[in-house]
Protein chains: 2
Amino acid sequence: MISKKNILILDTISRLYRRRAIQPLKKVLAKTHPTDLARILSRMPEDEGYDIFFLIPQAARSAEVLSELEPELRDRILRETAVEKLRPMLEKLSPDDLTDLIGDQDPQLAARLLEGLGSESQQEVEDLLQYAPDTAGGIMTTEFFALPQDITVEQAIGSIREYSDVEMIFYLYVVDEEQHLQGVISLRQLLLARPEQKLREIMKTRVVKVHTSDDQEDVAALVEQYHILAVPVVDAENVLVGVITMDDIIDVIQDETTEDMLKMAGTDESELLTQSPLRIARVRLPWLFAAFAGGLMATGIVHHFEGLLSRVLALSAFLPIVMGMAGNVGVQSATVAVRGLATGHLDLGRIGDFVLKEFWVGLLLGLIYGGALGVVGWWIFNDTNLGLIVGLTIFGNMSGAAVIAIILPILFQKMGSDPAIATGPFVTTSIDILGVANYFLIASFFLGLHAPAA
Amino acid sequence: MISKKNILILDTISRLYRRRAIQPLKKVLAKTHPTDLARILSRMPEDEGYDIFFLIPQAARSAEVLSELEPELRDRILRETAVEKLRPMLEKLSPDDLTDLIGDQDPQLAARLLEGLGSESQQEVEDLLQYAPDTAGGIMTTEFFALPQDITVEQAIGSIREYSDVEMIFYLYVVDEEQHLQGVISLRQLLLARPEQKLREIMKTRVVKVHTSDDQEDVAALVEQYHILAVPVVDAENVLVGVITMDDIIDVIQDETTEDMLKMAGTDESELLTQSPLRIARVRLPWLFAAFAGGLMATGIVHHFEGLLSRVLALSAFLPIVMGMAGNVGVQSATVAVRGLATGHLDLGRIGDFVLKEFWVGLLLGLIYGGALGVVGWWIFNDTNLGLIVGLTIFGNMSGAAVIAIILPILFQKMGSDPAIATGPFVTTSIDILGVANYFLIASFFLGLHAPAA
């Protein structure tokens, strides 16, 4: 998405660039917000964006733009530029952003970029690369503000003045001599304290914190629950090693949701990283195989009942609606389950209530639409049996689908798997198979159990 | 979800309550984090939770717990308690939380609560109630910190000291005599400035801000883009009227996502507000009607081709897989579209590329699975025509489904509607209908156009 304001800036930048009006162009680049610049450059023809990127004044600004560019242009810049030229801007990035940037590249380029960094940044990135990307360690930054507990408020303010590198300080962490986390002070408390007070006297000692190995989803849930703007990360010995800020948390929440939604649809987030239809097809292929295999089973079931079908051809006419209605109520229940589990709305301690509720919902909807289809079947085909069969099938399949769709995601969650995956291939396919089977069993019952082939 | 730690506290609280050990109980209530307390009380038998709520020491703490309780217990407390008893805690709530709480109640109770408040809170709530709930005005708080531009840093710090009511101050907003927003200063800048400097000298004048009527989704996108922790809200005259903080933004993001997911599934978020299966069924009923009507159309199509079916019964056997495969690839493409539009990943200026890409993905997947099913059809039924028919159908339906599923959400977005709704009933149903029609048209072509009825 690009805003109207940004389209205007884009036009200006393009025009100035084509006229080679470098000085006015640099002025515009210096005045535009880095986030906007990143979106604008990503929208330009790649060669143009590439050239203009290097006209941005100030390494700190280029760094911010670089970290927000679309992957294609960004990776090209990293690939095709000498490391010496990149180094000043790379070192302006916060350690976590720098680590993400390097971690995303292929091993050879990553190694080359890493070598080109100063030894301090190199160390920071290597430390951060040890943590799995979806843990607290993987999303934290190592740039934070920690001070000893025995210094005074005045000394603390002096330190903040010196150490201007940390962006967005809102909390001050207090540690002992071995860097163990002891407390937290908000900038506001610091502002309100008397200059001669010791930090240990004004700090809050009950600190909400996480461990490096904690899952990023749990960290996000914690920050959401406790309404804190940043959370300190400690290692197994309670040594403060990093901080996670709210903007990282928002990224986590968005990423986890995208992951959930794509998995529910039977694909995964790796398809967003590529523009190549071939690669996207490759990502979706295995997920679709479950549907394919399930579809073949359903085909087998219908095939098995061909004798019945040949006697009452109208049975095939109802196949689409029989499958569609159960599938729809299944997706509804499964979505409620997956989203409920993700937001904590669905309490695993009250599963029974939840399943029962969905069962009743399915039953009610089945009753209504089963009744409706029964009437339609009887009315169009003027056949009481047919009306009964399709009505009962829809009734049974919708209530069954609701229950299957609520239980599978919960089961997956209990077993430690991702509930969203349950919905993708499993829920839909199993509902299709069971639904078709149920349909023909009910039909056999009403039309005579051992129908001879035509 | 309730953590293990909270289960332990719950047990302790329950035990103390049953033993009527009120003093120790109050101690536990005073020491537990309000967020945890809210979850614990919500998990208890309702009468117990109700009683214990009133044992919580301090109105500010009760207020925090109240605003985070599950709706059932919370509403019961509001309903069954004298307003005089509620007033101290209600007035401790931030104006936006108080407004949400009152706005959620039925009109009679809301009026009673409102009357019970002090005139200042009453005015604040009435002001906030004017804004639509999903706008910047609807989610902002009116409790913020604004100071005149001509006072000094020292005077500003003095004001902050006095005005300790505002939770989470991180930015200081600077206004002129008519309360027009002029600039912003972070607490950190204030800490680093010399005491005699004027605010106007150190403030940043280019402020990212929103208008009261801006859509909450746009506000969330802005905060996400610019990595700011709070955004000021102004009215049409640039008068500062409120502030939106990051924790409200996270709620917006979560709510909008839940809304998207539920709409894609063909239901809406109102089903989360009730425990009654009857009400949930009523929410889902109309959405399912689209599927029902579409299903009937598909039934009509199959019925129309019964002559063909009676000659080649095996055609019905492939109905489930023909429908399933197209439906699945459709859900994949639609999810990518809906999520891409929500996160800004899908750029409306580049729709052509996007549609083309999905078309190629559908084509490739259709080629693979169409080929596979063609072989299966030919092999199982030993019928070349049948293999060709089902193979071509899957190929055509999957590529068509991918295109329909990408175009419909984009069209809805362009027309100003919610793209998630497109996916719910429309995409699935239209893919079903077109898919079945295509299947029988291809079959007619290969098996002779005017097949006589058997």
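This report describes two strand sheets of chain B and the helices that pack on one of them.

## Basis

The model is predicted: local features need pLDDT of at least 70, side-chain atom pairs count only at pLDDT 80 or more, and totals for chains, interfaces and linings use all residues. Residues are numbered from 1 along each chain as its sequence is written, while chains are lettered from A and ligands numbered from 1 in the order in which they are written.

## Sheet E1-E2-E3

Chain B has an open sheet of three strands in the order E1-E2-E3, with mixed pairing. Helices (H or I, at least four residues) and strands (E, at least two) are DSSP runs, numbered from the N terminus; two strands pair if DSSP finds at least two bridges between them. Strand E1 (146–148) and strand E3 (181–186) of chain B each have a single partner strand, so one side of each lacks a neighbour in the sheet.

Strand E2 (residues 171–175) of chain B pairs with E3(B) in the antiparallel sense over five bridges. B:Val174 is opposite B:Gly183 in E3(B).

## Sheet E4-E5-E6

A three-stranded open sheet of chain B runs in the order E4-E5-E6, also with mixed pairing. Its edges are strand E4 (210–211) and strand E6 (240–245) of chain B, each pairing on one side only. Strand E5 (residues 230–234) of chain B is antiparallel to E6(B), over five bridges, and B:Val234 stands opposite B:Leu240 in E6(B).

## Helices on the sheet

Helix H15 (residues 216–226) of chain B packs on this sheet and touches E4, E5 and E6 of chain B. Contact between two residues requires C-beta atoms, placed from the backbone, within 7 Å. The direction of H15 makes about 140° with that of E5(B); axes are lines fitted to C-alpha atoms, for helices over the stretch in contact, and angles run from 0 to 180 degrees between N-to-C directions.

Helix H16 (residues 246–264) of chain B packs there too, touching E5 and E6 of chain B, at about 65° to the direction of E6(B).
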